[in-house]
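Visitor: Could you take me on a slow, close-up tour of the side-chain contacts here? I'd like the details, and I'd like to know what they connect.

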Amino acid sequence: MVSQQQQHICVVGAGTMGRGIAQVALGGGHRVSLVDPAPSQLRAASEDILGRITRRDPDARPEFESRLTAFDSLGSVTGSGETVVVEAALEDLATKQAILGEALALFGPGCILATNTSSLSITEVARGVAEPSRVVGMHFFNPAPAMRLVEVVGGLQTDPAVADAIVELARSWGKEPIRVKSAPGFIVNRVARPFYGEALRLLEEDAASPELIDELLRSSGQFRMGPFELMDLIGLDVNFTVTCTVWAAFNYDPRFAPSSIQRELVAGGFYGRKSGQGFYRYDGETERPVPPAMESSVPTNLVLRGDCPELAILLDRAGLTYERAAGHPSLDLGDRGIVLLTSGRTASAESHTAGRPVVLLDRCLDWTTVTALGVSGTTADLVSAAAALLGQAGVRAYPVADVPGLVLARIVSMLANEAWETVSQRTAAPADVDTAMRLGANYPQGPIAWAEEWRNETVLEILDGLWDEYHDPRYRASALLRRAVRASSD
Ligand SMILES: NC(=O)c1ccc[n+]([C@@H]2O[C@H](COP(=O)([O-])OP(=O)(O)OC[C@H]3O[C@@H](n4cnc5c(N)ncnc54)[C@H](O)[C@@H]3O)[C@@H](O)[C@H]2O)c1
């Protein structure tokens with residue numbers, strides 16, 4: 001075995017990803033060959049890589065330059081059985097199989113054939129290569145030098161030692177490699193689907209505007225971007241294609257079904273930022289939604305029933321005094337009604353059960369710092385009273401339609417459900433799913449840990465509430481989550 005520093009890395013494809021990967025390998029001390037048949041790409045790539053890697057230390061250029069060589073064909077590269085190929089060319093099965101097959105013939109059966117595919121089955125890519133055991137997925141995230149996650153994907157034929165070697169290599173590059181079994185979307189592109197899909201469902205129901213859904217995901221959930229602004233940034237066409245690919249690969253499971261709103265926008269060329277309009281227009285300033293003014297005084301004579309630490313935090317933040325009493329977790333506002341946290345039933349359904357007006361609060365990541373919450377209630381008076389109370393606690397109240405699970409609780413519960421399904425199918429371990437979502441998608445919290453913080457029982461209740469309301473199989477709760485809840489209550 002040659003030492004890491006001598007190991008030769010051959011990056012095939014000098015586009016966005018190939019350049020990033022070559023830069024990472026160069027930074028790791030390797031001799032790097034970069035291959036692309038397009039001369040303009042190749043020229044721009046070398047300049048790009050050397051410029052970025054020597055930005056802080058221009059004197060280091062000759063050393064990096066001596067280890068980076070660009071080739072317009074794979075056949076010109078000198079390598080050996082120790083070479084690690086990282087293919088980052090077009091997302092096309094036949095192209096990838098041809099490149100890996102040629103590399104195998106060139107470098108010999110000992111070489112490692114890694115592919116950066118984001119959607120193809122590693123098993124299927126490997127099938128077209130004479131030594132399928134040498135083929136492994138090495139899925140980087142864009143921009144590769146900055147994003148720490150690498151999904152290391154084993155197909156049915158992948159030699160475990162090959163996957164181990166890629167894990168080691170990624171780690172030596174300062175990355176956080178996560179092992180994944182080949183499955184559609186791997187972890188990140190699969191578990192993230194409800195972030196977009198459920199937001200689109202809410203929009204289809206006219207539960208809230210894109211601006212408001214984005215605001216709630218940022219302010220209550222601490223996501224860096226909301227789903228609609230993120231789709232506009234990624235490109236609606238690209239995001240729609242990924243959704244359709246995952247949906248088809250899961251045999252058209254309704255969990256992944258694309259939205260007709262998005263289909264229509266894509267059909268009209270409304271791709272988002274790159275076309276000047278998607279869910280938002282990009283010809284001026286986009287304004288953040290302003291909560292409606294609601295005239296109400298802060299309620300008094302408050303009774304906090306049952307064990308509800310979230311409402312207690314809000315009351316403390318508001319500096320309000322209250323009595324405590326036993327009962328279903330809620331805040332009793334006397335004649336005006338009761339305040340509940342959403343558990344997946346509509347306010348009307350909760351009110352029917354309680355026999356009193358009900359206002360529901362959405363959930364959030366952190367009750368001590370939250371600055372905005374979605375609310376829905378059965379009377380305008382109760383919604384204003386809750387808004388006044390929240391206002392005193394420093395929380396803006398945004399009314400949304402009376403839909404089960406409101407906005408954040410619904411989207412995060414669906415993310416957690418997909419995470420549990422990914423674990424249940426043995427695609428990845430729970431901690432790895434969470435790490436992948438934090439590092440690969442910049443989520444503020446892994447969905448499995450998030451569900452535990454909210455209590456798995458609550459998340460299951462929300463999912464079952466969605467099922468009860470819609471009877472749509474996309475809302476079936478993961479059996480593994482259900483079993484975990486049962487086991488914890490035994
Ligand atoms: N862009 C992303 O965010 C992202 C993230 C993860 C994975 N990926 C995957 O990485 C791969 C590359 O994506 P990209 O965004 O860098 O694409 P890109 O279009 O920027 O670059 C692709 C490059 O491959 C070259 N190429 C085409 N045929 C080739 C061949 N036969 N041999 C060598 N090079 C060839 C093209 O000239 C081009 O320079 C795809 O499989 C993609 O799915 C992309």
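Guide: Happy to. Searching the whole structure turns up 30 salt bridges, and keep in mind that this is a predicted model. I'll take a few of them in turn, then visit the ligand and finish with the aromatic rings.

Start with arginine 19 and aspartate 48, a salt bridge whose closest N and O atoms sit 3.2 Å apart. Arginine 19 belongs to helix α1 (residues 16-27) and aspartate 48 to helix α2 (residues 39-53), so this pair ties together parts that are 29 residues apart in sequence. The two partners fall into separate burial classes. Arginine 19 has a relative accessible area of 13%, which is under the 20% cut-off, so it counts as buried. Aspartate 48 comes in at 28%, between the 20% and 50% limits, and therefore counts as partly exposed.

Next, go to arginine 356 and aspartate 332, whose side chains meet in a salt bridge with 2.7 Å from N to O. Here a loop is joined to a strand: arginine 356 lies in the loop between α14 (347-354) and β13 (358-361), and aspartate 332 lies in strand β11 (residues 330-332), so the pair ties together parts that are 24 residues apart in sequence. This time the arginine is the partly exposed partner, with a relative accessible area of 27%. Aspartate 332 is buried, at 7% relative accessibility.

The third pair is aspartate 464 with arginine 482, a salt bridge of 2.9 Å from N to O. It runs from helix to helix, with aspartate 464 in α19 (residues 456-470) and arginine 482 in α20 (residues 479-489), so parts that are 18 residues apart in sequence are tied together. Both ends of this one are partly exposed: aspartate 464 has a relative accessibility of 22%, and arginine 482 has a relative accessible area of 29%.

Salt bridges can also be chained up. Arg190, Asp253, Arg255, Glu418, Glu421 and Arg476 are linked in a network of them.

Now for the ligand. There are 23 residues around it, and the ones that come nearest are Asp36, Gln41, Glu91, Lys96 and Ser118. Sorted by class, that shell holds eleven nonpolar, nine polar and three charged residues. Among the elements of the fold, α4 gives the most to the shell, with three residues. If you zoom in on the ligand's oxygen atoms, a few polar neighbours show up. One is serine 118, with an N or O atom of its side chain 2.7 Å from a ligand oxygen. Asparagine 116 has a polar side-chain atom 3.0 Å from a ligand oxygen. For alanine 89 it's the backbone that comes in, with an N or O atom 3.3 Å from an oxygen atom of the ligand. Taken on its own, the ligand has 830 Å² of accessible area, and the protein covers 73% of that. The elements giving two or more residues to the shell are α1, α4 (93-107) and β6 (135-140). You've met α1 already, since that's the helix holding arginine 19.

Last stop, the rings. The whole structure has eleven aromatic pairs. One of them is phenylalanine 195 with tyrosine 443, at 5.7 Å centre to centre and 45° between the planes; that angle is neither under 30 nor over 60 degrees, so the pair counts as tilted. It links distant parts of the chain, 248 residues apart: phenylalanine 195 is in helix α8 (residues 193-204), and tyrosine 443 is in the loop between α17 (430-441) and α18 (447-454). Both of these residues are buried. For another geometry, try tryptophan 247 and tyrosine 252, an edge-to-face pair at 4.8 Å centre to centre and 90° between the planes. Tyrosine 252 is exposed, with 51% relative accessibility.

Back at the tilted pair, both rings are part of one aromatic cluster made up of Phe195, Tyr196, Phe223, Tyr443, Trp450 and Trp454. While you're there, look along the loop between α17 and α18 for glutamine 445. Glutamine 445 is buried, at 16% relative accessible area, and its side chain makes a polar contact of 2.7 Å with the side chain of glutamate 453.

Conventions. Residues numbered from 1 in each chain as written. Predicted model: local features only at pLDDT ≥ 70, side-chain atom pairs only at ≥ 80, totals over all residues. Heavy atoms only, no water. Salt bridge = Lys/Arg side-chain N within 4 Å of Asp/Glu carboxyl O. Helix = DSSP H or I, 4+ residues; strand = E, 2+ residues; numbered from the N terminus. Buried < 20%, exposed > 50% of the residue type's maximum accessible area, 1.4 Å probe, protein only. Near = heavy atom within 4 Å. Polar contact = N/O pair within 3.5 Å; in protein donor to acceptor, adjacent residues only side chain to side chain. Areas by Shrake-Rupley, 256 points an atom, 1.4 Å probe, with all protein chains shown as cover. Nonpolar A, V, L, I, M, F, W, Y, C, P; charged D, E, K, R; others polar. Phe/Tyr/Trp six-rings, centres within 6.5 Å; stacked < 30°, edge-to-face > 60°.
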